[in-house]
Amino acid sequence: MLSYAVKRLIRGPSIFIALFLSVLLAVTLFSGIVQGSDAVAYSMLSKALGAVNIDIESWAEQRNITRLAIARMEDAYRGVKGVTWVEHLIRWEVDVNASGWNETLTFKLIAIPENSTLLQGLSGVDRLEDGKVYIEEGSLNASSFKPGENATIKILTYNPYSPPDFQSRCFTLPIGGVVELSEEAFSLAMGRYPHYLRYVILGEGVERRPPHRLIIVTEETLRKYLLQPIYDERRRPARVFIAAFFLRLEREKLINPWDIEGSRHKIRLVYEEINTLGVKYKYLPLNYLDSLLNAIESYTSGMKTNTLMITLPVFFTAWYLGATVSEISLGVRRREIGLLFTRGLNHRQVMFILLLEASLIGLIAGILGILLGAALVPLVLPGVSLLDSLRSLSPPTILLSLLFSGVLSVLAVYTPARRATRISVVEALRIYREEEEEVGSWHEPLLALGLGTYKIVMMLLGLSVEKFRPVIGNILVFILYSTWWGVDYILSYIGPILFFWGFIKLLVQFSPWLQSGVSFIARWIIGDVSRYSSTSAKRYAKRLASSAFMVALILGYAVSVIGSAASTQDFIDRVTMSMVGADASVWLFSRKGAEELADRIEELPEVRNATVEVWFEAESSLGKIPIRAIEPLEWSQVAYIEPGWLEGKNIFDRMNKSRDTAILERGAAERLGVDLNETFLIKLKYRVYPFQIVGFFGHRPRGNWRIQNPTLYVHRDFLKHVKEKYIRQVRILVKLEEDADLKAFKEAVERLDPNVDEVDVAEERIREARENIFLMGPRRVEEIGVVFSAIVSSVGVALIALTMLRSRWRELTILATRGFSWRQIAASLILEMLSVILISTAIGMAVGYIILRNETILFNEAVATYILRRIIFPTASWMGVLSIALTISLSSILPIIVAARIVSRRPVLRIEE
């Protein structure tokens with residue numbers, strides 16, 4: 001039987017080409033998604049491991065540094081199997097006063113061993129010298145530290161013996177210089193390594209460093225110059241020491257990129273041994289490497305699952321195409337099957353042969369699909385090369401792709417093969433069977449149409465089952481609601497498919513007006529052959545329904561995905577603009593000199609306007625809320641404000657005239673019942689300040705509202721009531737000229753003042769977001785899914801047309817011999833196909849828009865933000881949808897034209913096997 005199946009594939013490949021192409025396209029997309037997710041994981045892991053040097057951190061805190069047993073713990077950690085590198089540092093807080101200061105400020109002091117490799121992330125000096133203090137250049141007040149001058153370190157101490165007392169000791173050390181720390185070294189020094197990991201994994205660029213004061217000394221300086229004099233007095237420092245050990249593991253032996261779970265298990269074994277060693281001295285290990293692998297695994301698994309679910313219509317279309325063309329092909333091979341019965345084979349054996357043929361087709365298509373999927377990944381995911389894609393070809397991916405192709409092939413052939421092998425030998429040898437042209441009963445399509453219509457109506461009205469959740473505890477009501485919820489959840493995925501299938505089936509089967517309309521139109525174009533067109537449309541309704549169903553499904557899928565991609569991109573762009581606040585924003589370390597700096601920035605040639613925005617928090621009836629202080633008239637000309645965000649008359653003029661007015665976020669106003677011109681109170685320390693609300697901003701809240709950042713805008717003059725320590729952030733919003741040189745602008749601003757922390761440019765942030773593989777990768781896979789679905793549908797319509805033409809070759813030949821031209825024959829067949837396909841196109845696009853609208857409503861209800869996602873269809877999106885519709889239409893027309901010309905030139909009667 002295997003030999004027969006192989007010979008049949010070799011001798012008659014035209015019979016299997018339709019099934020092969022449908023499976024090949026589906027497997028290519030499936031394998032591409034799986035490989036793309038694996039390639040993203042591989043790329044993320046390679047990038048993270050290349051940028052991250054610390055795998056485990058183990059830390060403990062004590063007031064007595066000797067109890068930390070630093071030397072003993074370092075030796076113990078070095079002896080753990082799987083650990084290749086161990087370093088440590090000591091964190092401590094001290095009060096510092098530099099020459100010329102009038103106040104003492106608290107600094108974080110970091111002590112590093114002189115030979116530590118952590119110093120590789122330090123620049124500005126050749127080496128750290130014992131007995132000197134070094135200031136980190138990003139520290140607040142760093143400009144007050146002058147190399148060669150002195151800094152006084154004040155340490156609070158206590159007497160551990162009777163009688164207890166607290167006294168301060170001061171130590172004066174020379175300032176060795178200003179040093180710069182790399183991002184990783186800074187995160188280690190400040191204990192912010194998890195934040196650094198997040199930025200590395202998500203590719204969000206450089207982390208904005210929080211306001212800080214940091215000095216660095218050698219460990220010998222800490223022990224000899226600061227602690228030893230205190231211990232000699234038999235006193236102890238009052239503040240705790242934190243000893244942090246950093247360990248690097250044998251990644252090559254522990255990590256297998258294709259077995260993340262197994263790698264995590266090995267790493268956890270090393271972690272447990274490290275944890276056991278540190279228990280005696282209360283060391284707490286943090287497993288960064290395991291967290292890194294877990295984050296990558298979770299992200300890529302979610303990406304893989306979500307993308308496969310979204311592209312489900314493509315796989316369904318591929319299966320439906322395979323099943324349809326298999327049924328037609330097996331109808332053509334009916335006499336062959338009958339001859340197999342006459343040779344002594346039973347029904348089960350013939351069924352096995354047909355399924356074996358399908359399995360072989362699936363195997364071949366699977367192998368090619370895996371290779372094409374590997375080539376597809378670099379086209380979809382930015383930053384992933386072909387080499388990365390090939391490296392991601394792990395054994396599980398290959399086996400899963402081959403299994404998918406085999407199952408898809410067998411499922412596509414199973415039902416047609418079962419039906420074909422159940423007929424008797426006599427029936428199999430007959431040339432024509434009338435029941436083959438029937439489309440079946442009306443019960444199933446009507447049920448499918450009803451369920452699908454229910455879901456479409458729910459989407460159209462923007463309703464969800466959750467809105468009807470019962471509040472009573474009746475068990476019967478609960479069972480009914482749970483059943484409804486479960487059915488609705490399932491219909492969320494298959495509802496549109498059921499709607500298309502039921503509608504098309506009933507349309508083709510029970511709509512005489514459709515055939516009559518086709519005949520009427522054709523009579524004006526092609527004459528008497530129009531009667532044949534109408535008759536053919538009825539006789540071959542099943543095949544027309546198959547083509548129309550695929551067209552409706554794919555057009556609906558295309559509209560929803562293409563529209564969703566454009567809408568998502570628009571939402572990300574607007575969120576980015578809102579976060580930046582204007583064309584650009586300049587973040588400052590402190591508020592001091594901000595207004596003067598804004599004036600200097602405004603004088604730059606690339607700048608049109610600039611204004612200061614100060615962030616602080618205050619108590620209110622909603623709890624602690626974020627507030628921004630602005631200069632109203634300047635801010636209104638610079639800030640990013642969307643149409644419809646503001647409600648109120650002459651808002652900024654009224655704020656400019658009266659300093660006790662404010663703009664309140666709309667959701668907060670509705671939560672508290674505050675209307676325009678009413679009063680809103682905030683509290684700073686023990687004093688309450690009333691504001692008259694002259695305007696609202698944002699949109700009306702949907703679903704779960706939460707406090708927005710900001711909640712309130714007040715006049716900048718109110719800052720006289722706000723102490724410096726309550727100010728969270730300060731930035732200067734900048735309106736740029738249309739042709740501004742962004743690079744020159746950033747460099748010019750950074751040179752203006754050392755108070756400048758960072759310069760954000762909205763255009764650059766938007767570009768970075770669009771190029772971010774982790775943000776846009778899934779969307780690009782969805783878009784490529786649309787392309788594949790269009791190809792699958794086009795190939796399907798073309799193959800159905802070809803198989804239909806082969807089975808009707810005798811009839812076409814008779815028409816040609818009776819004097820009809822190839823144009824008349826082609827026009828008859830084209831009208832027969834397009835009449836249904838055009839209706840399916842319109843229905844598919846309408847349902848696709850309803851799905852997109854429902855997705856947008858649900859997104860806005862789930863995401864509690866004053867920026868709402870909106871539906872947009874730019875010209876490129878419409879062109880994409882129309883090109884898909886045109887491609888599918890041409891795929892049905894071209895085979896007909898070719899067949900009509902061939903049959904007109906050589907009208908020879910023959911039976912195709």
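Throughout these legends, a residue is called buried when its relative accessible area is under 20%, exposed when this area is over 50%, and partly exposed in between, as computed with a 1.4 Å probe and with protein chains only. The model is predicted, so that local features need pLDDT of at least 70 and side-chain atom pairs count only at pLDDT 80 or more, while totals for chains, interfaces and linings use all residues. Residues are numbered from 1 along each chain as its sequence is written, and side-chain values use heavy atoms, with hydrogens and water left out.

**View 1. Arg78 and Glu74 form a salt bridge in helix H3.** A salt bridge is counted where a side-chain nitrogen of Lys or Arg lies within 4 Å of a carboxyl oxygen of Asp or Glu, and by this rule the count comes to 29 salt bridges. Between Arg78 and Glu74 the closest N and O atoms are 2.6 Å apart. The two residues are four residues apart in helix H3 (residues 70-78), and therefore about one helical turn separates them. Arg78 counts as partly exposed at 44% relative accessibility, whereas Glu74 is buried, with a relative accessible area of 14%. Helices (H or I, at least four residues) and strands (E, at least two) are DSSP runs, numbered from the N terminus.

**View 2. A salt bridge joins Glu114 and Arg127.** The closest N and O atoms of this pair are 3.2 Å apart. The pair links distant parts of the chain, 13 residues apart, with Glu114 in the loop between strands E3 (105-112) and E4 (122-123) and Arg127 in the loop between E4 and strand E5 (133-136). Glu114 is partly exposed, its relative accessible area being 47%.

**View 3. Glu613 and Arg628 meet through their side chains in a salt bridge.** The N to O distance here is 3.5 Å. Glu613 lies in strand E13 (residues 607-620) and Arg628 in strand E14 (residues 623-630), so the salt bridge ties together parts that are 15 residues apart in sequence. Both Glu613 and Arg628 are buried.

**View 4. Strand E16 is mostly covered and pairs with strands E18 and E19.** In a regular strand the side chains alternate between the two faces of the sheet. In E16 (residues 661-665), five of the five residues are buried, with Thr661, Ile663 and Glu665 on one side and Ala662 and Leu664 on the other. Two strands are taken to pair if DSSP finds at least two bridges between them. E16 runs parallel to strand E18 (residues 687-697), to which five bridges join it, and Thr661 stands opposite Gln692 in E18. With strand E19 (residues 712-715), E16 pairs in the antiparallel sense over three bridges, and there Ala662 stands opposite Val714.

**View 5. A nonpolar patch on the surface is formed by Trp319, Leu400, Leu403, Val407 and Leu411.** Such a patch is made of residues with over 30% relative accessible area and no salt bridge, and nonpolar side chains (Val, Leu, Ile, Met, Phe, Trp, Tyr) are joined within 5 Å. Together the five residues have about 440 Å² of accessible area, a value that comes from the Shrake-Rupley method with a 1.4 Å probe. Helix H14 (residues 395-421) gives the largest share of the patch, four residues. Leu403 has its place in this helix and is exposed, with a relative accessible area of 53%.

How values were computed. Patches are made of residues with over 30% relative accessible area and no salt bridge: like charges are joined within 9 Å, nonpolar side chains (Val, Leu, Ile, Met, Phe, Trp, Tyr) within 5 Å.
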